[in-house]
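Please follow this short walk through the structure shown here, which takes a few backbone features one after another and then turns to a pair of places that lie apart in the sequence.

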Amino acid sequence: MRKTLLASAIVLFATIAMAQGRNDGRTPFVTSNEAPKLERILPPPPGITDSRFYDDWSQYQWGLSMRATERGLQARSDAFLSASYFMARFSPAMGHAVTQEANPQLFLLLQRAHATEMVSNAGVKAYYHRVRPYQQFKEASLVPEHESPTDYSSYPSGHTMVSWLVGMILTAIDPQHTESIMKVAYEMGQSRVIAGYHYQSDIEAGRYSASILFARLCAEPEFMTLLQQARQEYMGVQSSQPKIMKKRSRR
């Protein structure tokens with residue numbers, strides 16, 4: 001009898017723990033062992049004697065020229081990522097205010113997607129151990145509080161990877177706004193060039209990595225279930241909210 005009760009208690013606690021894990025935004029959808037080994041897929045980043053490095057250098061110069069502009073201010077904001085920030089950043093592109101309060105399932109989905117990106121990206125960053133632009137050129141970045149003399153993890157760009165992954169997720173939820181959503185995702189990657197934290201080749205590798213990871217996640221029932229729940233939730237909220245009026249660009 002005691003053994004039966006003990007076994008039942010173990011099953012109950014395990015079930016509760018699993019449920020809590022699914023509701024914890026820090027829980028990735030796949031483990032590091034289950035995630036694609038990106039170092040087996042991505043080519044090595046260009047070295048400083050590689051002809052491809054010229055594009056990295058020229059894009060770095062472009063980034064420097066943008067720092068004192070409004071675009072530079074946006075690039076600095078894009079350095080501080082969270083599920084809440086993604087919702088605020090992509091809301092204008094989706095035409096509706098997306099918030100944690102109104103879209104809790106989507107908020108959880110974006111939290112876990114971010115956690116998954118970090119698990120998936122850690123191995124390839126350590127494998128290539130690439131110096132960041134501000135370290136290479138010994139110039140201050142746009143986000144000095146994030147700088148480190150030993151943080152050699154430029155390739156691929158994690159910020160770009162998660163921004164592109166979020167863009168793909170939001171496109172699956174709101175396909176009518178595909179172009180505007182993915183434009184924001186693209187801009188968030190370029191923000192890392194402006195900030196001096198990544199080379200252009202890091203950005204491009206981050207987008208490839210996000211696409212690979214998204215395809216892998218589509219094979220995970222838990223991810224697909226939460227994606228569907230977030231989409232249904234979004235559609236319900238969308239129908240009851242006023243649209244965000246987009247500013248018309250002056251020509």
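A residue is called exposed when its relative accessible area is over 50%, buried when that area is under 20%, and partly exposed in between. The model is predicted, and the values that follow were computed from it.

With those cut-offs in hand, K138 can be placed: its relative accessible area is 73%, so K138 is exposed. This residue lies in the loop between α6 and α7, and although K138 is not a glycine, its phi is positive, near 55°.

The loop that holds K138, between α6 and α7, also holds P156, where α6 spans 133-136 and α7 spans 158-173. Here the backbone has another feature to look at, for the peptide bond that joins Y155 and P156 is cis, with an omega of about -10°.

On the other side of α6, H129 sits in the loop that links α5 (104-128) to α6. H129 has a positive phi of about 50° and, again, is not a glycine; its relative accessibility is 47%, so H129 counts as partly exposed.

The last stop is E220, which is found in the loop between α9 (200-217) and α10 (221-238). E220 has a relative accessibility of 17% and therefore counts as buried. Setting aside the neighbours within four places in sequence, E220 is in contact with F29 and V30. As for V30, 190 residues separate it from E220 along the sequence, while in space the two C-alpha atoms are 8.2 Å apart.

How values were computed:
Residues are numbered from 1 along each chain as its sequence is written. This is a predicted model: local features need pLDDT of at least 70, side-chain atom pairs count only at pLDDT 80 or more; totals for chains, interfaces and linings use all residues. Side-chain values use heavy atoms; hydrogens and water are left out. Helices (H or I, at least four residues) and strands (E, at least two) are DSSP runs, numbered from the N terminus. Buried means under 20% relative accessible area, exposed over 50%, partly exposed in between (1.4 Å probe, protein chains only). Contact means heavy atoms within 4.5 Å.
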